[in-house]
Amino acid sequence: GYVRYKNNLSHKAFATKQGLAFYQLLKPIEILAKCFIGSDIKTTLLQRHQLLDRELSQLIGQHPDLQILELACGLSPRGWRINQEYPNNLYIEADLQGMAQRKQQLLTQLDAINPKHKVGVCNILIEDNAESLEALLQREFDSNKPLVVITEGLVNYFQLVDISQFWTRLSKALSAFSAGFYLTDVYPKVTQHKFYHWIEFANKSLKVSSKSSFMMHFITPSEAISHLNGCGFGQVTVFNPDDEFPTQRIKGGALVWVMRGEL
């Protein structure tokens with residue numbers, strides 16, 4: 001949240017004291033990472049955020065009545081920004097109960113809650129429950145209109161087998177809409193990366209700071225495409241920041257991809 005604020009992608013209300021503390025704490029590690037790996041956490045955060053924003057804007061341009069659901073929204077400012085730019089598109093942000101309440105309060109303070117911008121509760125791991133993905137989609141969205149679901153900074157906190165179960169449920173749920181899309185970021189396996197050991201050290205640091213597991217998925221884009229095909233997404237595109245932002249290409253290669261799935 002603080003990285004987005006510092007790069008003019010957010011409102012100061014999204015920049016928490018805790019975010020500032022982590023931002024300052026990580027500065028020495030970020031400098032070392034930039035020197036030795038060619039990239040850092042800030043760079044990958046901005047790359048994924050900008051690519052997801054780009055793809056979302058293109059989808060809205062292609063489908064003016066597009067509905068948007070951002071899962072595990074956290075302190076993402078995307079819903080706030082998109083609602084200002086595209087006030088006629090329904091945008092619902094969803095997260096677990098505690099974070100959803102916090103986001104509701106934050107957006108209320110910004111006078112940003114309205115019939116086209118809401119906050120909901122959703123736990124992607126559960127089924128047959130009022131807080132499930134399926135219940136949220138049925139309750140809040142019009143199946144006669146297209147829908148895009150966004151997850152950012154979520155996938156790599158799950159083992160592949162667990163997130164794949166969600167992907168399969170998601171593709172099935174999206175099939176009920178006139179058109180269904182999925183946008184996400186993913187951190188690929190970088191065992192062949194020149195600075196693999198430094199990256200592993202950074203991952204272990206992230207595990208400690210976030211008090212959770214962090215794992216990488218897929219070695220090649222073709223592997224990622226094939227896997228999402230198997231989860232029900234008929235058309236999958238992988239965007240590599242090195243290709244999308246050639247003037248910002250980093251030594252050793254990009255550390256994050258963005259994927260777009262379509263039914």
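Buried here means under 20% relative accessible area. By that cut-off Val256, with a relative accessible area of 1%, is buried. The legends below describe close-up views of a predicted model.

**View 1. Val256 and its surroundings.** Val256 is found in the loop between α11 (241-244) and β7. Because buried means under 20% relative accessible area, the 1% computed for Val256 places this loop residue in the buried class. Leaving out residues up to four places away in sequence, Val256 touches Thr44, Gln47 and Arg48, then Asp185, Val186, Tyr187 and Pro188, and also Pro241. Asp242 is 14 residues from Val256 in sequence, and the two C-alpha atoms are 9.7 Å apart in space.

**View 2. Glu262 in strand β7.** Strand β7 covers residues 257-262, and Glu262 belongs to it. The relative accessibility of Glu262 is 17%, so the residue counts as buried. Its side chain makes a polar contact of 3.0 Å with the side chain of Arg260. Residues up to four places away in sequence aside, Glu262 touches Gly180 and Phe181, as well as Phe233, Gly234 and Gln235.

**View 3. His217 in the loop before α10.** His217 lies between α9 (196-210) and α10, in the loop. With a relative accessible area of 3%, His217 is buried. The side chain of His217 reaches the backbone oxygen of Phe158 at 3.0 Å. Phe158 is also one of the residues that His217 touches when those up to four places away in sequence are not counted. The others in that list are Val155, Asn156, Gln159, Leu160, Val186, Tyr187, Pro188 and Lys189. Val186, Tyr187 and Pro188 appear among the contacts of Val256 too.

**View 4. Helix α8 and the elements it packs against.** Helix α8 runs over residues 160-174, 15 residues in total. From its first C-alpha to its last it reaches 20 Å, close to the 21 Å expected at 1.5 Å a residue. Its buried residues are Ile163, Ser164, Phe166, Trp167, Arg169, Leu170, Ser171, Ala173 and Leu174. An α-helix has 3.6 residues a turn, so residues three or four places apart point the same way. The buried residues of α8 pack against three strands, β1 (67-71), β4 (147-151) and β5 (180-186), and against the helices α7 (133-140) and α10 (221-230).

**View 5. The largest nonpolar core.** This core has 34 residues, and those with the most contacts inside it are Leu69, Leu71, Phe166 and Trp167. Helix α8 gives the most to the core, with 6 residues. Apart from it lies another core, of 17 residues, among them Leu52, Tyr91, Ile150 and Phe239. In soluble globular proteins, nonpolar side chains tend to be buried together. Neighbours within four places in sequence aside, Leu69 is in contact with Ile92, Ala94, Leu133, Leu136, Leu137 and Phe141, and with Leu147, Val148, Val149 and Ile150.

**View 6. Strand β4 between β1 and β5.** Of the 5 residues in β4, 5 are buried. Leu147, Val149 and Thr151 point one way from the strand, while Val148 and Ile150 point the other way. β4 pairs with β1 in the parallel sense over 5 bridges, and Leu69 stands opposite Val149 in β4. β4 also pairs with β5 in the parallel sense, again over 5 bridges. On that side, the bridge partner of Thr151 is Thr184 in β5.

**View 7. Leu110 and helix α5.** Leu110 lies in the loop between α6 (97-109) and β3 (117-121). With a relative accessible area of 22%, Leu110 is partly exposed. In sequence Leu110 and Ala13 are 97 residues apart, yet their C-alpha atoms are 8.0 Å apart in space. Not counting residues up to four places away in sequence, Leu110 touches His11, Ala13, Phe14 and Trp80. Trp80 is one of the buried residues of α5, together with Arg78, Gly79, Arg81, Ile82 and Asn83. Helix α5 spans residues 78-85 and is mostly covered, with 6 of its 8 residues buried.

**View 8. Cys73 and Cys231.** The structure holds 0 disulfides. Cys73 is buried, its relative accessible area being 3%. Cys231 counts as buried at 7% relative accessibility.

How values were computed
Residues numbered from 1 in each chain as written. Predicted model: local features only at pLDDT ≥ 70, side-chain atom pairs only at ≥ 80, totals over all residues. Heavy atoms only, no water. Helix = DSSP H or I, 4+ residues; strand = E, 2+ residues; numbered from the N terminus. Expected span 1.5 Å × (residues − 1). Buried < 20%, exposed > 50% of the residue type's maximum accessible area, 1.4 Å probe, protein only. Contact = heavy atoms within 4.5 Å. Disulfide = S-S within 2.5 Å. Polar contact = N/O pair within 3.5 Å; in protein donor to acceptor, adjacent residues only side chain to side chain. Core = buried A, V, L, I, M, F, W, Y, C linked by side-chain atoms within 4.5 Å. Pairing = 2+ DSSP bridges.
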